[in-house]
Amino acid sequence: YELNVTDANNCSDSTSVTVTVSPNPTATFTATTVCANTPTVFTNNSTPAGDTYTWYFGDGNTSSLSDPSHTYTTSDSFPVSLVAQLGNCYDTVTNPVAVFPAVVANFTTNTLVSYADTLDPVIFIDLSTNANIWAWDFGDLLTSNIESPSHVYGKPGVYTITMVASNQFGCSDSIVRQDYISIYPVPALFVPNVFTPGQNANNILKVFTSGVVFFDWGIFDRWGEKVYQSNNVNDGWDGTFKGKPSAAGVYTYYLKVVFDDGSTRHYHGGVTLLK
């Protein structure tokens with residue numbers, strides 16, 4: 001800018017000054033949509049490029065980088081502001097940035113030792129957080145998408161379990177437990193389903209098994225009264241109750257056995273008393 005001044009005597013003088021006008025910046029940005037505990041990447045699209053930038057991430061944290069990343073530890077919609085400054089000119093924009101709930105995969109089971117038959121399914125119990133989609137690999141080429149499935153192993157062995165837990169936002173986590181489940185061959189155990197007390201043969205009801213360190217056997221009549229109980233695998237029921245012969249009919253039993261490998265097995269069934 002130039003200024004010329006002339007007075008009444010026709011005397012004049014001039015002066016000039018240079019004024020720099022910077023373009024007004026337009027602040028704008030994009031951000032990735034992620035799960036909590038995963039870095040959100042911010043892309044600065046401000047035009048023209050500024051001299052300085054100030055980010056306010058909406059959780060009390062800030063940054064002066066042009067294209068920062070920031071990790072949110074909780075899920076929410078955060079009001080993120082960007083101040084783009086060019087010279088003495090600046091612009092501010094605020095956009096919501098969504099952070100979805102992070103998934104933490106975890107599980108337990110009802111047992112770590114079982115048998116290769118349908119009497120002893122392994123129950124897998126989901127302990128994951130923020131998950132509503134599950135993928136199980138039981139280590140025997142079989143899978144499940146149930147939250148807390150039960151699974152029967154058909155062959156003895158040691159199995160590695162893999163669980164992937166996810167949610168509707170695409171957040172996921174996985175857990176692998178190596179050599180987690182031990183499956184043993186079905187132990188030799190036999191309970192007759194009929195006996196004839198008072199006869200010359202088959203007159204004592206016994207459990208035939210081996211390798212037992214704990215034994216608990218209870219037999220009940222049809223009204224639920226316990227007519228026989230024993231903790232000795234070598235004992236048997238002679239068909240009497242309180243010193244008197246029991247009536248013919250079907251009796252139910254409950255049997256708990258702990259074998260010498262440390263595993264526990266439960267049996268339920270019925271036996272017919274004939275006369």
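This passage describes the nonpolar cores, one open sheet and a surface patch of a predicted model. Residues are numbered from 1 along each chain as its sequence is written, and side-chain values use heavy atoms, without hydrogens or water. Because the model is predicted, local features need pLDDT of at least 70 and side-chain atom pairs count only at pLDDT 80 or more, whereas totals for chains, interfaces and linings use all residues.

The largest nonpolar core (buried Ala, Val, Leu, Ile, Met, Phe, Trp, Tyr and Cys residues joined through side-chain atoms within 4.5 Å; buried means under 20% relative accessible area with a 1.4 Å probe, protein chains only) has 20 residues. Those touching the most other members are Phe107, Phe124, Trp136, Tyr153, Ile161, Met163 and Ile181. At least two core residues come from each of strands 13 (122-126), 14 (133-137), 17 (157-166) and 18 (172-184), strands being DSSP runs of E of at least two residues, numbered from the N terminus. A second, separate core of 19 residues includes Phe215, Trp217, Val227 and Tyr253.

Five strands form an open sheet in the order 4-10-9-6-7, with mixed pairing; two strands pair if DSSP finds at least two bridges between them. Strand 4 (34-35) and strand 7 (62-63) stand at the edges with a single partner strand each, so one side of each lacks a neighbour in the sheet. Strand 4 pairs with strand 10 (residues 89-100) in the parallel sense over two bridges, and cysteine 35 stands opposite phenylalanine 100 in strand 10.

Tyrosine 1, in the segment before strand 1 (2-6), is exposed (over 50% relative accessible area), at 70%.

Notes. Helix = DSSP H or I, 4+ residues; strand = E, 2+ residues; numbered from the N terminus.
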